[in-house]
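Some questions a first-year student might ask are set out below, each with a short answer.

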Amino acid sequence: MEAKAVLELFSRYDAYLEGHFRLTSGLHSPHYFQCARVLQHPEAAEKLGQALGAQVKKALGGALPDAVLSPAMGGLIIGHELGRYFRCRAIFVERQDGVMTLRRFNLSPGEKVVVVEDVVTTGGSLSEAVQVARSLGANVLGIACLVDRTGGAHLEMGLTSLVKANVVTYPPDNCPLCREGLPLVKPGSRNV
C-alpha cells in the first residue's frame, strides 16, 4: 500500500485533522492523525495491518516475531492487526503510576518482539515499550508505526512506517497557534 493510498484512507474516515492540537509528546501542531477513526473500521484496520506487516517483514529480512508489543492506547488495534499478519501474540504495555509496564502478559527471555505504535512524533512511548521488552530479556527485532511524524529524528532503531509525514510541531512555550488564540485540543490518549 503506497503512502498516497494510506493518506486517502485517513481522509475518507476524517482521520487527518487540522486545527491546534496538543500531541501526546506535549508538542503542539496544526495537524493531527486520529488513527482511531480509521482503525475503528475492521476492514481498514486489516488493510493497514497487512500493508505494515509486509513492510516490517521486508525490514526484518524474513525474521519472524513471537509477539507484537504495543503501547496502550494508540498502538492496540494496529498491534493486533500486525499480530494477525505474523500469526503471533499481540500484547501491550500500559502505564501504571506513570510508568510503562507489562501488567497483563508475560514475555520470556529470548522471545522475539516487534514494537508497534499508531503515530510516532518523538518516539517516547515506543522507546518505553522497547525498554520494557528488553528489561524482560526479549529480543526486539524492530519498531514500526502507521505514521512517522519524527521528521527523520534519530531513534535507537530504524523505524518502519507506511507514511512519513513532515508535519510541523511547536514547543508549547513557543507556539504561534497559541499566540493567535486558537483553541487547543488534546485528542490523544495520554494526559500531558
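Q: What makes α5 the helix that gives the most to the lining of the largest cavity?
A: In this predicted model, a lining residue has an atom within 4 Å of a cavity point. Helix α5, residues 124-135, supplies four residues to the lining, and no other element gives more. The full lining consists of Gly123, Leu126, Ser127, Val130, Gln131, Ile143, Leu155, Glu156 and Met157.

Q: Why is this space called a cavity and not a pocket?
A: A cavity is a set of points where a 1.4 Å probe fits but cannot get out, whereas a pocket is open. By this rule there is one cavity of 30 Å³ or more. The largest cavity has a volume of about 80 Å³.

Q: How many residues of each class does the lining of the largest cavity have?
A: Five are nonpolar, three are polar and one is charged. Gly counts as polar and Glu as charged.

Q: Which residues of α1 are called buried?
A: Buried means under 20% relative accessible area. In α1 the buried residues are Val6, Leu9 and Phe10.

Q: How do you know that the buried residues of α1 are on the same side of α1?
A: They cover an arc of only 100 degrees around the axis, which puts them on the same side. An α-helix has 3.6 residues a turn, so residues three or four places apart point the same way. The face of α1 turned away from this side carries Lys4 and Arg12, which are exposed.

Q: What do the buried residues of α1 pack against?
A: They pack against β1 (16-22), β2 (28-33), α2, α3, β7 and β8. Just after α1, Asp14 takes a positive phi of about 50 degrees.

Q: What makes a group of residues a nonpolar core?
A: Its members are buried nonpolar residues joined through side-chain atoms within 4.5 Å. The largest such core has 31 residues, and Phe10, Val38, Leu48, Leu52, Leu146 and Leu162 touch the most other members. Helix α3 gives the most to this core, with six residues. Leaving aside residues up to four places away in sequence, Val38 touches Leu9, Phe10, Tyr13, Ala15, Ala44, Ala45 and Leu48. A second, separate core has 22 residues, among them Val93 and Leu107.

Q: Which residues of α4 are buried, and what covers them?
A: Ile78, Gly79, Glu81, Leu82, Gly83 and Phe86 are buried. Their cover includes α2, α3, β3 (67-71), β4 (89-96), β6 and β7. Just after α4, Arg87 takes a positive phi of about 55 degrees.

Terms used:
Residues are numbered from 1 along each chain as its sequence is written. This is a predicted model: local features need pLDDT of at least 70, side-chain atom pairs count only at pLDDT 80 or more; totals for chains, interfaces and linings use all residues. Side-chain values use heavy atoms; hydrogens and water are left out. Buried means under 20% relative accessible area, exposed over 50%, partly exposed in between (1.4 Å probe, protein chains only). Helices (H or I, at least four residues) and strands (E, at least two) are DSSP runs, numbered from the N terminus. Contact means heavy atoms within 4.5 Å. The arc is that of the directions from the helix axis to the C-beta atoms. On a 1 Å grid over the protein atoms alone, a cavity is a set of points where a 1.4 Å probe fits but cannot get out, and a pocket is an open set with protein on both sides within 12 Å along at least five of seven lines; lining residues have an atom within 4 Å of a point. Grid points are joined across faces, edges and corners, and a volume is the space filled by probe spheres set on the points.
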